[in-house]
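Colleague: Could you put the model up on the screen and walk me through it chain by chain? I'd like to ask things as we go.

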Amino acid sequence: MTRIIQLVLSPLIALVVGVLLLGLSRKIIARIHRRYGPPIYQPVIDVIRMMSQRSISHGSLFDLGVVFALAGSLVTVMFIPLGGTQACQPFAHGVLCPLSSSGGLLVVMYLMLLGPLGLALGAGDSANPNASIGVSRKLLLALAYEVPFLLVILAVMSHYETISLTEIVARQQQAGWGALSVPLSAVAAFLILPAMLGVRPFDLVSAPQEIASGPMAEYGGRSLALIKLYGATHLFLVIALFVDLFLGGGVNLATFLLKMLIVFMAVEMINAVLPRVKIEDAIKFCWKWPAGLALLQMAITVLSKSG
Amino acid sequence: MDRNQITKWLKSPGKMAHKYSLHAVYFCTGCGIIEIPPVITARWDAERFGVIPVATPRQGNLFMITGYVSVKTLKAIIRTYEQMPDPKYTVAFGSCPINGGMYWDSYNTIKHLDKYIPVDGWIAGCMPRPEAVFVGVTHLWTLIDKEMANGYIRYKKKYAAYRSNQEMALGELDWPPLYPIEDETEEESK
Amino acid sequence: MSAQGILITAFAGAGLSYALGLTSARLREVFAIVVSVLLVCLIAITHGQGAEHVYYPDFLGLDLVLRMDALAWFFAITVSMVGCLSVIFSLHYVRGKEKENFYYFALLLVNAAMLGIVLSGDLLSFFIFWEIMSWAAFLLISYKRGRALDAGLKYVIMSILGSCAMLLALLYLYANYNTLVISDLAQQIRSAAGGFPLWVMLAFALGFGIKCALIPLHTWLPDAHSEAPSPFSAVLSGILIKMGIYGFILVMYGVVGLKLLLEVGAPWLHFHTVLCWLGAITILIPTFIALLQDDAKRLLAWSSIGQIGYIMLAIGVATSLGLAGALFHTLNHAVFKALLFLAVGAVEYKTGGVRDLNRLGGLIRRMPVTFACALIGGLGLIGVPLTSGFVSKWLIYKTLITEGHPFLALAALVGTWGAILYVYKLLHNMFLGQLPEKYANLEAAPFSMQLPLMICGFIIVLFGILPGIPLSVIGGIVGTLGFEPVTATLTGFGPQIGPLNTLNLCAAFAGVLLVIVAFRGIAARPKPVSQDDSYAAGAAAPAGKYHHTVRFYDPLERMTGGYLRDWVDQFYLSAAGKAKGVFNGVRRIYTGDVRTYVMYIVALLTFLIFAHTAGWL
Amino acid sequence: MNFLTSYIHYVGCFALVLIGLYVALVKSNLIKVIIGINLIDTGVNLFLVATGYLGGGTAPIFSKAAEQSQEMVDPVPQALVLTAIVIGVSVLALALALAIKVYDHNGTLDLRKLKGLKW
Amino acid sequence: MVSPILLIAVPLALAFLTPMVGLASKSARRYMPAIAMLFNFIVAMSLLPKALEAPIIVRTAGWAPPLSIHLVAGPLGLLLSSLVALIGLLVAIYGIDYIREGARARYDVLYTLLLVGATGVVLTGDLFNLFVFFEVLCISSYALVAYRGDSAGVEAGMKYLIQGAIGSSLVLIGIGLLYGTVGTLSMADIASSVGSVAGSRLFISLAFMIAGFGVEAAIFPLNAWLPDAHSSAPSSISAVLSGVAIKAGLYAIARVVYTVYGASSILPFLAVLGVVTLLVGEMCAFAQEDIKRLLAFSSIGQMGLILFALALSSATGISGAVFLIISHGLAKALLFLATGYMIYRTGSRDISSLAGMGKRMPIMSLCFTVGAFSLMGLPPFVGFASKFTIVRAVLGTGSTFFITLLAIGLIGTVIEGAYFLRIVQWLYFKPAPEAMPEQTEGRAPLTALVPVGLLAVLIVTIGLLPGIVGRALGPAADDLLDRAAYIQHVMGD
């Protein structure tokens, strides 16, 4: 029974927290801009408004793509521990991670891909050049940040010698945060967080002024609402993964969310002040600094393991 | 949020959401667009009311025509309007779309925009200042509350008339009709 | 049914289909399908049998042996299945073209020869079938003429080179152990003391590496795969290059054995380590080259090389999970690459031979089934969860990480992200976007073309959700090859191998999907619009091509295109050009002047006498 | 000198062979080359006869002279030479016939110009 | 009991009878070579089983071997003479309709004589007799090459004659030197006494003989005549020249080196020479545009491989060499014969003129493909079995020297694959040029299809069942390798 509760709870938390984070993001940016800003629940209103509009459809894949994207990211959430340890047991399994026994970090990595892919397929079906260009940028950006991201993940997995995310979290809570044992990886991961989230300076995928919001160019109404929710879930997912990998997860949900909030704030600071880069520059940046740092860390890890 | 508001939200969430989430498609035709940046940036900050610009008509529900409408831009205005999902609200901005304004005798300017697309609200002025825009938006809220901002329904119902007006101004249109134009005789027989 | 019966059916089927084709085209088609389906059935019912028997005593003093065991069965069923699908697909594809008879004969012959390879119990018959496969494939690659001829020649020259190396290696084994029967050979090699010569392994690796297109021996593949008729491209990419994989597994684990293998090579650089790194390179470079291709089949061809890299990497790492992953990925790649090639073939068939990704688009509206299947195949290729490709790649990553090869794992993972890019490009440029006007009235591909696609798609999803079905077979094979058997549950792996439960994943996914669809149902049904009704800044979208396909990954191309030329191929081509020059130069010794010739005679005589007086002879 | 005098027949016939080879190698006229070949042939024939020659031997025929003599010349090389001469003559005849044909076709016997077939 | 001497006597008689038959009936004359070869084939095949057990020695005039001229119909000799008869028979059938121009009567005579010469070379046990038969073979082939009387033929014949005549002279010098040393001409007798006489004289005589026979055997620097002669001769002549005549030269070398001298010191040199010949032949063939010239160079290459295998001095190696002699004989004859009518059809010898031949002459093209595949050594054709045997023999020796040579030589096989498969592509995968003049006389008659088809069937059959030939190979190899046995058989006890 707790399992079913977890199964329902976990995506729900992701959705709610994600949407609120989106609102918070707008608020923070507004405040940095010295504006009042919208209410923090503004994204909820937006979603309701979009749901009440009648969208158009370019074909069944156009509609289904976003459904897959949202479903993929929600399922991914179920594989991510959202706080809790053996010591403090909010749930029967110790952690709020309903599918922890069904797959580890490798599954998470692959599932995280369903979102962009679903969105890309749907956008591709819209026959809009802005959408195709946006998708092309999105995929290239993914390629750009995946190289350091994979290096980071591999370094973490090699360091803890496991592919299970819950185990990584547990080990951190015993022996200190990942940010301390694999510091360069943590730095690298933080550097690519904006790219993974698609925020400035890496918001070139959905650049509204340039390519009319890219993949979303043709989306409106309920499909756009789903994309909004997908964005919220994805935001939650990426930050949660960072917290799990480097900040030792959370003793319980509250600390977990607190850590998430801090990471999120840091990312939003960057988001608020930086301009947009070109895709070439994004690739160059990702393959130079974060990848270099992560590679260094991985080499250190491998050498220390073998030595 | 007072109780009244909550009741309204529960009763018709869609309507309320539309009110407070006006995603605007700014059609930057004329000088009116100069007034938009102050509206959406730090000085007046339209975002606190949920009004933000969007990139494509597919994503918006508020259509703002900011200035005079030439024959050439009319085509694009109609196209953009038709691409917006229902429900959608049109606000014409400045005096030019209302009656031609200072271009009242131009051969190439559309004098009455509402002959071609339905317009829910007018913001008078040449140019209307940002305060006027906010007044316009709050006025639109009232209209939405009273279900009077129903231009999109009008457009659907009287599509044949709008279409013929459009064709009169632009000649043969190179896109198919948005709604089926039913034969009047058929309608009568029904 | 013994292995012998299967082979007789296969070869006789090839011959008879040619004979029948002389009388009636329809009869030949029916017969070809019957034979291929029959082969699948025959092999299927031999599951679990283990037999080894001499079918040709005393061929040049050697006994030719057929063998049926788990490994052979696994490859045989893959071969026969993909072969069968490609024959079914061929029905419409070649109908009305010339040389149909020849086409069916060669196709069935290649399939028969491949069955022969996997069912061979000794290396000589292995080699014989290997050669038959090589030349029959050459004939089929050349089938489409034009550029296909050069592709065919390139293929066959490299193939012969590989065969020569293999011949040397296997006869070296014979000279030392006096037998070529695999089981005896394995016995004797394992009992023999001392190391195993590196060059024999290298020679075998040359032969197998050329066939399975390991970098730097890959250059025949992009040409051959893209120029061959599509059903045969499916066979080529799906199973023919897997024969190289089979050869590697057979020689490395079936003959030499794990224990000895780990000692082959220098102490600081083992043979299998080199293989691993070659595999990693084979993943990375071709994947990025595939991104930049504009020809659909060429893109898939490069992708095939990349996927071979995964398999080689997994074989080279020499762990039980790795081998299981390699075998599973072999099966998966056979299925999804066959699917993708056939899908491209269907498009090519309907559009009159257009494979250029820049000239297609929007075909999802006209060929939805083909697209759906291609999508599944593409997802499988990427390794998206709930497709079979995920489980095999998971196994490979898992073993790489736990064995402490994070850099190899990095290559594999980056290759996957590259795969997303080219799969998306392929699907998008062909099926998504705007439908060109000239294809507005295109009909869907005939059922005989859709059926193989659907079967492949079904297999991919089935094995993705219930990977235990193939893994039960593969686990047993891994056990017979000297590894610890891999025990898998029906839906994944228990905690001792690693947490993976695809059924849970599937259920969760389905549940979430249902909830979302229900949630989506609150809103009004969307209004279908035509493809021309697209945002174009207020203007009407132009009726011509509107969406973006040309140089889809242009930024990356500008950044990396300079480095991603096929240097190896250029090197080979220039070497071939040089060799041609040398050949032309050599024949100048025949000057046409008879006095020079007389001089040669005198010179030889003088040399002989001189050499004798000098004491050389 | 002793070598020369005792092996004068061998020296002679090998000189013939070498002259023939020289002609065949150097001369560009087809007829001269044929003559060269014939010289080689003759040299070889001489050589064969010389191998069987014994100083002071008689003809290898069972005659009175032979019975009286201590040694007979070896008859076998002579038989060989007879055959070889026949062969040589037939080759020569064929060569000359072909030379005529060559001249018919090419209007020349110059081997330097006779390079229709090469490479 | 038939005697092996019939193999020489009867065709010889028939050859000289041919003009007389021609007086009676011109059409009957055309069948004379075929009849002669049919007879030879039957006799050779009937003798073969017995010869496999022990060589059949035929003594002329009832004298004992050292004194008399004798025939030694050993396993090797009879096997090769069967091959000669078989190829001779099939080519003779082919020639019935193929030869259309020139002096028909002389063709039949010369053709029969050529084959008599070849049969004699492989059967004789006497060194000088070997030379005589060799000359019979050579002279008739000079004449046959120039037989058409066209410019190229005459030129090729002339060049062939000059080189051949010099080669023959060298052989004769060699024989003379040898005779001067050991005083006998019977090969067995020489063999038994060679051991006692050592030294340079012996070697120099060997050098002369290798250089002399090497001209006919087309060893590397001596083979310049071959591409000219094979490409200029009528295709039927090319077929026997390639299939039979050059093999006779090689047989002579092998016999002299192994049986007469037992000279194992020269074998590595021969192996190197073989590999060089192989490479040069294949390289030149690759660069050819003329189909017959290409086939001729390919013959050179194959001869190199055979020589290499012969030089291995192991039973398997020589079996492989003999096997390759057989398989190459069959395949090359097939290729030349098939090419003959293709050339008639197009009127050109350019490879590019073969475009679309698969459609116009399907059977010929198919057989050509079979022959080409066999030559490349692709299974399941006979070429594979022979090449496989050779490679096995090389690795069986375990000598790094030979294995390295083989590895180099295999490059030749790759080149061979390249150009043959290119031709196959021309045959099948290039469209026939438009408006090609259809020459009706180019249609292959039954007399052409039967031999070509038969050769193709033989190639496949022996390829699938190498045991048919394989049984004879072992004794044939022993025949060459086992000097003592040879001497014992011939000389008696």
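Colleague: Let's start with chain D: in what order do its elements run from the N terminus on?

Modeller: From the N terminus on, chain D runs α-α-α-α-α, with 5 helices and 0 strands, where helices (H or I, at least four residues) and strands (E, at least two) are DSSP runs numbered from the N terminus. Please keep in mind that this is a predicted model, in which local features need pLDDT of at least 70 and side-chain atom pairs count only at pLDDT 80 or more, while totals for chains, interfaces and linings use all residues. Residues are numbered from 1 along each chain as its sequence is written, and chains are lettered from A and ligands numbered from 1 in the order in which they are written.

Colleague: And how much of chain D counts as buried?

Modeller: Of its 119 residues, 32% count as buried, meaning that 20 or more other C-beta atoms lie within 10 Å of the residue's own (12 or fewer makes a residue exposed, in between is partly exposed, and C-beta atoms are placed from the backbone).

Colleague: Switching to the assembly, which two chains share the most contacts?

Modeller: Among the 6 pairs of chains that touch, chains A and C have the most contacts, a contact being two residues whose C-beta atoms, placed from the backbone, lie within 7 Å. Chain C brings 57 residues to that contact and chain A brings 66.

Colleague: Which element of chain C gives the most there?

Modeller: On the side of chain C that touches chain A, α18(C) gives the most, with 11 residues. By class, that side has 39 nonpolar, 14 polar and 4 charged residues; here Ala, Val, Leu, Ile, Met, Phe, Trp, Tyr, Cys and Pro count as nonpolar, Asp, Glu, Lys and Arg as charged, and the others, Gly among them, as polar.

Colleague: What does strand β1 of chain A do with β7(C)?

Modeller: Strand β1 (residues 56-57) of chain A and β7(C) pair in the parallel sense over 2 bridges, where pairing requires that DSSP finds at least two bridges between the strands. The bridge partner of Ile56(A) in β7(C) is Lys527(C).

Colleague: How far apart are chains that don't touch, say B and D?

Modeller: Chain B and chain D have no contact, and their closest C-alpha atoms lie 71 Å apart; for chain A and chain E, which do not touch either, the nearest C-alpha atoms are 40 Å apart.

Colleague: Now chain B, what is the strand order in its open sheet?

Modeller: The 5 strands are ordered β2-β1-β3-β5-β7, with parallel pairing. β2 (52-53) and β7 (121-123) of chain B stand at the edges with a single partner strand each, so one side of each is left without a neighbour in the sheet. Helix α4 (residues 71-83) of chain B packs on the sheet, touching β1, β3 (62-66) and β5 (89-93), and its direction makes about 165° with that of β1(B); such angles run from 0 to 180 degrees between N-to-C directions, with axes fitted as lines to C-alpha atoms, for helices over the stretch in contact.

Colleague: Last one, why does Arg392(E) count as buried?

Modeller: Arg392(E) counts as buried because it has 22 C-beta neighbours inside 10 Å. The residue sits in helix α17 (residues 382-397) of chain E and, leaving aside residues up to four places away in sequence, touches Leu171(C), Tyr174(C) and Thr316(E).
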